Amino acid sequence: MSRLITQLRTASAFLPGIAVSAVVGLAALFLSSHYGAPAMLFALLLGIAMSFIYDDPKCKIGVDFTARHILRLGVALLGLRIAFGDLTAMGWKTGALLVIAVASTILVGMLLAKAFGLEKRFGLLTGGSVGICGASAAMAISAVLPQSKENDRDTLLTIVGVTSLSTIAMVVYPIVAAYLHLDEAQTSLFLGATIHDVAQVVGAGYSVSEQTGDLATLTKLVRVAFLMPVVMCILLVLRLNFDGTQTAKTPGVPSFLIAFAVLMAINSIVDLPQVITDSATDISRFALVISIAAIGMKSNLGQMLTVGIKPILLLVIETLWIAALVLLCLPYV
């Protein structure tokens, strides 16, 4: 009985921070539904505005838990959005283009980070988020990178950057596609292969036509499927002493990646009812939103303002790179 009471007291210590993060997340979703801006961006900005809460010892432990563990739950549930059939339905040429786009964007990010005098890890973080699935990829990659005092700052900066650029792309890219006289299939591939966040791909695709929206979303989900192999490659590199630094503990395979793979396999083998996949999508989205709110609360805005223009320029170049690469390759797909 005493053990149960102790466990309940331990669990209750997390509740204030989790509750505050959830309230901020709900406020972000409300603002997003009324003003049409990304919920992720609202959650981050509201979290930063309420960063004083993180100084309260009663909330700190729950905010830390939300930013780390609920984040991983949200990423794991992304597995139910993808099936192996999605990967084969695109055709090998489209698949090859997406692989090249993702891999080259990450490589460009790391090379430019070194050229700009930034850490290669920051280039990896930004390149992965631009190449795969925006804020979700940024949080997943950040979760497996060695923790440091710059880690939260870099993650916040990346989320702000990719979300803002993705919103701009949602408006501009359909105009670019029309100006270049791309057909429906080419427009779908262009939008799905270049816009960072899933929500913005949906918005851009369905602003053109229903068919374009369907194909663009499918293309985007194939990019999301690259999240697990990319993170696994990062873990492999970390085992080989990434950046030449010594780490106290060799990273293992995170449980959320295993869960991601298992859920993706289940979705591929079993014809799950739509209510289950829709519910998992909603839970995943809410978990990611409140996790970003918690990351915002943990942020040091003054530290973010000292990073300068180079990280922003890096994100812009990565965004232009993947867009230009896909446009140049469209005639051959």
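1. Buried means under 20% relative accessible area. Glutamine 200 has 5% relative accessibility, so this residue counts as buried. The model is a predicted one.

2. Where does glutamine 200 sit? Its place is helix α10, which spans residues 198–208. Leaving out residues up to four places away in sequence, glutamine 200 touches Pro38, Ser166, Thr167, Met170 and Ile195.

3. The cysteines next. Partly exposed covers the range between under 20% and over 50%. Cysteine 233 has a relative accessible area of 47%, so it is partly exposed. Cysteine 329 is at 24% relative accessibility and therefore also counts as partly exposed. How many disulfides does the structure hold? The count is zero.

4. Now the nonpolar packing. In soluble globular proteins, nonpolar side chains tend to be buried together. Here the largest nonpolar core has 84 residues. Those with the most contacts inside it are Phe190, Leu227, Ile234, Phe256, Ile292 and Val326. Helix α7, residues 135–144, supplies the largest share of this core, with eight residues.

5. Which residues does phenylalanine 190 touch, not counting those up to four places away in sequence? On one side of the numbering are Tyr173, Val176, Ala177 and Leu182. The list also holds Ala323, Val326, Leu327 and Leu330. Phe190 and Val326, both named among the core residues with the most contacts, thus touch each other.

6. A second core is separate from the largest one. It has seven residues, including Val108, Leu112, Phe122 and Leu314.

Definitions and conventions. Residues are numbered from 1 along each chain as its sequence is written. This is a predicted model: local features need pLDDT of at least 70, side-chain atom pairs count only at pLDDT 80 or more; totals for chains, interfaces and linings use all residues. Side-chain values use heavy atoms; hydrogens and water are left out. A nonpolar core is a set of buried Ala, Val, Leu, Ile, Met, Phe, Trp, Tyr and Cys residues joined through side-chain atoms within 4.5 Å. Buried means under 20% relative accessible area, exposed over 50%, partly exposed in between (1.4 Å probe, protein chains only). Helices (H or I, at least four residues) and strands (E, at least two) are DSSP runs, numbered from the N terminus. Contact means heavy atoms within 4.5 Å. A disulfide is a pair of cysteine sulfur atoms within 2.5 Å.
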